[in-house]
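Student: I have the sequence and the coordinates open side by side. Could we walk through the fold together?

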Amino acid sequence: MTVRKLFSTKSSGGASTNYWENTWAAMDLPAARSDAAKGSLSLLLDSHLKNTAGPVLEAGCGSGIIAMALESFSHSVVGIDLAQVALHRAKLSDPEFRGTVGDIREMPFATGAFGAVVSLGVLEHDESGPEPALADHFRVLQSGGLLLVTVPRISPLKSLRDTWNLTIMRRRGYISRRRWAERRAAMGAEPSSRPFHQYEFKRSDWSRLVQDAGFTIVSQHPLAVGSGLGDLSKLIARRPVRPQDNLGPAGQTPARSQEVSHPGWLKGM
């Protein structure tokens, strides 16, 4: 396996909840939700979710922008994230928003509770690797349920930059889009003076990780983002239909999420 490992050049990176709390703090939620509901990403997600039986889970929902946008398409959506302040603000903006504080590697939902799981730019931020989260995504999906996920891809442009800096120039790492980039043969926490931000994956390696978690891949395509010649990989997969699956009834609605009542919960994190 070949992964591209990115570190932050600031005090915290994408593995830190505080990083995301600060990122979302100044967001105008009603405006962002309105823009998202009309945006191409929400329209793309809706096109795949139209025939989903059962509620949709956004795993790593942050301030709930995508989750609430999907609800405008009449999907029943539940969100989960570790960012307690962001979820609190989402509840203030929309009291009907169902946002649960929790870890996507061990979610407080019943097995087979959801018809689909949406994960957008989340799984790459666990330095130990995405396998535990993928396993729990598989668990909470109904038999035949749909997984829609995006992760950063090692695009052709990134490969060229890596070859020049890491192979030809023989550097250990280099600054790539304001982050320190290295290549690794495996994932895992290793001693570093820099805060971890995210992994970026080769298409074949990401496919194998998803398949190893038990999913059947339906499609996988790069998404053109900025100048990276397809920086994100959009993957659609299903939990296979297996007669031996002892799941809850199709369409089972998970328990209504806990309310996020106090932003001071983040103190000390």
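Student: Let me start with the strands: how many bridges join S2 to S5, and do they run parallel or antiparallel?

Tutor: Three bridges join S2 to S5, and the two strands run parallel. One position to look at is Val 56, which stands opposite Ala 116 in S5. Please keep in mind throughout that this is a predicted model.

Student: What is the order of strands in the sheet of seven?

Tutor: The order is S4-S3-S2-S5-S6-S11-S10, in an open sheet with mixed pairing. Strand S4 (99–101) and strand S10 (216–223) are the edge strands, each of which pairs on one side only, and the twist from one strand to the next averages 15°.

Student: And which strands of that sheet does H8 touch?

Tutor: H8 packs on the sheet and touches S6, S10 and S11, with its direction making about 150° with that of S10.

Student: Different topic, the other sheet. What is its order?

Tutor: Four strands form an open sheet in the order S7-S8-S1-S9, and the pairing is antiparallel. Here the edges are strand S7 (174–176) and S9, each paired on one side only, while neighbouring strands are turned by 40° against each other on average, if direction is ignored.

Student: How many bridges hold S1 and S9 in register?

Tutor: Strand S1 (residues 3–8) and S9 pair over five bridges in the antiparallel sense, and Lys 5 stands opposite Tyr 199 in S9.

Student: OK, on to the interior. Which residues touch the most other members of the largest nonpolar core?

Tutor: Those are Leu 57 and Trp 206, in a core of 32 residues. Several elements each supply at least two residues of this core, including strand S2 (56–59), strand S5 (114–120), helix H6 (131–140) and helix H8 (203–212). There is also a second, separate core of 24 residues, which includes Ala 32, Cys 61, Leu 70 and Ala 90.

Student: What does Trp 206 actually contact, sequence neighbours aside?

Tutor: Leaving out neighbours within four places in sequence, Trp 206 is in contact with Leu 123, Pro 130, Leu 134, Val 149, Val 151, Phe 201, Gln 220 and Leu 235.

Student: Pro 130 is on that list. Where is it found, and is it buried or exposed?

Tutor: Pro 130 is found in the loop between S5 and H6. Its relative accessible area is 1%, which is under the 20% cut-off, so Pro 130 counts as buried. Not counting residues up to four places away in sequence, Pro 130 touches Leu 123, Met 187, Phe 201, Trp 206 and Leu 209. Pro 130 and Leu 209 are 79 residues apart in sequence, yet their C-alpha atoms are 8.1 Å apart in space.

Student: Back to the aromatics, then: how many aromatic pairs does the structure hold?

Tutor: The structure holds eight aromatic pairs. One of them is Tyr 19 with Trp 20, which is edge-to-face, at 4.8 Å centre to centre and 85° between the planes. Another, Phe 201 with Trp 206, is tilted, at 5.0 Å and 40°.

Student: Are those rings buried or exposed?

Tutor: Phe 201 and Trp 206 are both buried. For the other pair the cut-off of 20% matters: Tyr 19, at 19% relative accessible area, counts as buried, whereas Trp 20, at 23%, counts as partly exposed.

Student: Which residues form the aromatic cluster?

Tutor: Phe 7, Phe 196, Tyr 199, Phe 201 and Trp 206 form one aromatic cluster.

Student: Last topic, helix H2. Which of its residues are buried?

Tutor: In H2 (residues 29–38), Leu 29, Ala 32, Arg 33 and Ala 36 are buried.

Student: Why do they line one face?

Tutor: Seen down the axis of H2, the buried residues fall within an arc of 100°, so they line one face of the helix. In an α-helix there are 3.6 residues a turn, so residues three or four places apart point the same way. On the other side of H2, Asp 35 and Lys 38 are exposed.

Student: What does the buried side pack against?

Tutor: The buried residues of H2 pack against helix H3 (40–49), helix H4 (65–71) and helix H5 (84–93).

Student: And for the chain as a whole, what percentage is buried?

Tutor: Buried residues make up 53% of the 269 residues in the chain, whose secondary structure comes to eight helices and eleven strands.

Methods
Residues are numbered from 1 along each chain as its sequence is written. This is a predicted model: local features need pLDDT of at least 70, side-chain atom pairs count only at pLDDT 80 or more; totals for chains, interfaces and linings use all residues. Side-chain values use heavy atoms; hydrogens and water are left out. A nonpolar core is a set of buried Ala, Val, Leu, Ile, Met, Phe, Trp, Tyr and Cys residues joined through side-chain atoms within 4.5 Å. Buried means under 20% relative accessible area, exposed over 50%, partly exposed in between (1.4 Å probe, protein chains only). Contact means heavy atoms within 4.5 Å. The arc is that of the directions from the helix axis to the C-beta atoms. Two strands pair if DSSP finds at least two bridges between them. Axes are lines fitted to C-alpha atoms, for helices over the stretch in contact, and angles run from 0 to 180 degrees between N-to-C directions. Rings of Phe, Tyr and Trp (its six-membered ring) pair if their centres lie within 6.5 Å; planes under 30 degrees apart count as stacked, over 60 as edge-to-face and the rest as tilted.
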